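Work through the exercises below with the sequence and the 3D structure at hand. Each task is followed by a solution that goes step by step.

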Amino acid sequence: MYLNVGIDLSLGPLPQTDATERQGVITVSQEILPLATPVERCVYRRPKVEALTGLKRSHIYNLMKKKEFPQCFRIGPRAVGWDSLEIHEWIDERRNQRH
C-alpha cells in the first residue's frame with residue numbers, strides 16, 4: 001500500500017544565470033552560494049572523513065601532524081573520531097581558497 005502525500009520540494013526561484021552556447025560548449029556563470037553546515041554536531045569516524053574530504057588515511061594523518069587538518073580525539077580504547085563541524089569548516093576553507 002502506498003500513501004500519496006503531496007510535498008513541495010521546491011527551493012523557490014532559481015538564481016539568475018547567464019548562459020551562452022558557442023560551438024557546443026555551454027558556459028554558465030552564477031553566484032556561488034555557501035553550503036550549509038550541519039545543524040547537529042556529531043562525531044565522524046575515519047571512513048566518513050575520507051568520503052567527505054576525498055583524502056586517504058595516510059594523507060589525513062600527515063596533514064594532522066603538520067597541524068593542517070582538524071585533530072582527532074579518542075572516543076574509546078581503540079577508536080578515534082573527528083568533530084563534524086571542524087571537518088566541514090576545513091572543507092569550506094579549502095573551497096574558499098579556490099575562489
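**Exercise 1. Find which residue stands opposite Tyr-44, and place the pair in its sheet.**

Step 1. Tyr-44 stands opposite Trp-82, a residue of strand E5, and Val-43 stands opposite Asp-83, again in E5. Helices (H or I, at least four residues) and strands (E, at least two) are DSSP runs, numbered from the N terminus.

Step 2. The strands E3 and E5 pair in the antiparallel sense over two bridges, where pairing requires that DSSP finds at least two bridges between two strands. This is a predicted model, in which local features need pLDDT of at least 70 and side-chain atom pairs count only at pLDDT 80 or more, while totals for chains, interfaces and linings use all residues. Residues are numbered from 1 along each chain as its sequence is written, and side-chain values use heavy atoms, with hydrogens and water left out.

Step 3. On the E4 side, three bridges join E4 to E5, and these strands run antiparallel; Arg-74 has Val-80 in E5 as its bridge partner, and Gly-76 has Ala-79. E4 and E5 form a hairpin, with two residues between them.

Step 4. Put together, the strands make an open sheet of three with the order E3-E5-E4 and antiparallel pairing. E3 and E4 are its edge strands, each pairing on one side only.

**Exercise 2. Decide whether E5 is largely enclosed or open, and give the reason.**

Step 1. Count a residue as buried at under 20% relative accessible area, as exposed at over 50%, and as partly exposed in between (1.4 Å probe, protein chains only).

Step 2. Five of the five residues of E5 are buried, so this strand is largely enclosed by the rest of the structure. For the protein chain as a whole, 21% of the 99 residues count as buried.

**Exercise 3. Describe the surroundings of Cys-72.**

Step 1. Cys-72 lies in the loop between H2 and strand E4 (73–76), and because its relative accessibility is 24%, Cys-72 counts as partly exposed.

Step 2. Leaving out residues up to four places away in sequence, Cys-72 touches Met-64, Val-80, Gly-81 and Trp-82, a contact being heavy atoms within 4.5 Å. Cys-72 and Trp-82 are 10 residues apart in sequence, and from C-alpha to C-alpha they are 4.7 Å apart in space.

**Exercise 4. Work out where the buried residues of H1 lie around its axis.**

Step 1. The buried residues in H1 are Val-49, Glu-50 and Thr-53. They cover an arc of only 100° around the axis, which puts them on the same side of H1; the arc is that of the directions from the helix axis to the C-beta atoms.

Step 2. The face of H1 turned away from this buried side carries the exposed residues Pro-47 and Ala-51, whereas the cover over the buried residues includes E3, H2, E5 and H3.

Step 3. Just after H1 comes Gly-54, which takes a positive phi of about 80°.

**Exercise 5. Check the length of H3, then find its buried face and its neighbours.**

Step 1. Helix H3 (residues 84–98) has 15 residues, so at 1.5 Å a residue it should span 21 Å; its end C-alpha atoms are 22 Å apart, which agrees. The expected span is 1.5 Å times one less than the number of residues.

Step 2. In H3, Ser-84, Ile-87, His-88, Trp-90 and Ile-91 are buried. Seen down the axis, the buried residues of H3 fall within an arc of 155°, so they line one face of the helix.

Step 3. Those buried residues pack against strand E3 (43–44), helix H1 (46–53), helix H2 (57–65) and strand E5 (79–83). Asn-96 and Gln-97, which are exposed, sit on the face of H3 turned away from the buried side.

**Exercise 6. State the order of the elements along the protein chain.**

Step 1. The protein chain has three helices and five strands.

Step 2. Read from the N terminus on, these elements run β-β-β-α-α-β-β-α.
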